[in-house]
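User: I'd like to go through this model with you, one short question at a time. Here it is.

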Amino acid sequence: MEKTTDKLNEILKNTHPEDLSNFFNSREQFINEENAFADYINNLLKKYKLKKHDIFILADIPDRYGYKILSQQKHTIKRDIILRVCLAMKISLDEVNRCLTLYGANNLYAKNKRDALLISCINHNIYDINIINELLVSNHLEKLADCGNSL
């Protein structure tokens, strides 16, 4: 059975560094770093009973491109593409930040005006990308980037 991060942290509090071999041998609790983002997204999709195709429609991302991003066959430097997926999934702020971290992008940061608006939207269950883009523009902030020439 998969152990929670809190449980693992508790075990580590009581485990001396010289005694970590047993901990490390229990491989089931470790993420596969190469596929961590894809694994996490797939777990969220299962947890919330979501379909990738539906997410891509809501995120306004072409299916073929979206599948490659979520499976980590393709990488984008556009953090907004990952944010679009997260918003389309209607996940919590903690889950959004976990996705960003695993993807290698910066977490949403409350001291950044644009990120603060996104955080507020997520905290108030505003996930519609068109509404969020309108809020961004009305606050003189850059809209969420689209796929553009990422294809």
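Analyst: First, buried means under 20% relative accessible area, exposed over 50%, and partly exposed in between (1.4 Å probe, protein chains only). Helices (H or I, at least four residues) and strands (E, at least two) are DSSP runs, numbered from the N terminus. This is a predicted model, where local features need pLDDT of at least 70, side-chain atom pairs count only at pLDDT 80 or more, and totals for chains, interfaces and linings use all residues. Residues are numbered from 1 along each chain as its sequence is written, and side-chain values use heavy atoms, with hydrogens and water left out.

User: Is helix α7 largely enclosed or exposed?

Analyst: Helix α7 covers residues 93-103. Its buried residues include Leu93, Val96, Cys99 and Tyr103, and among the elements covering them are α3, α5, α6 and α8. Eight of the eleven residues are buried, so α7 is largely enclosed.

User: Which side chain of opposite charge is nearest to Arg84?

Analyst: Arg84 sits in α6 and is buried, yet has no salt bridge (a side-chain nitrogen of Lys or Arg within 4 Å of a carboxyl oxygen of Asp or Glu). Lys and Arg count as positive and Asp and Glu as negative, while His and the chain ends are not counted. At 4.6 Å away, the nearest one is Asp60.

User: How far from Cys86 is the nearest cysteine sulfur?

Analyst: The structure holds zero disulfides (pairs of cysteine sulfur atoms within 2.5 Å). Cys86 is in none, and the nearest cysteine sulfur, that of Cys99, lies at 3.9 Å.

Methods. Contact means heavy atoms within 4.5 Å.
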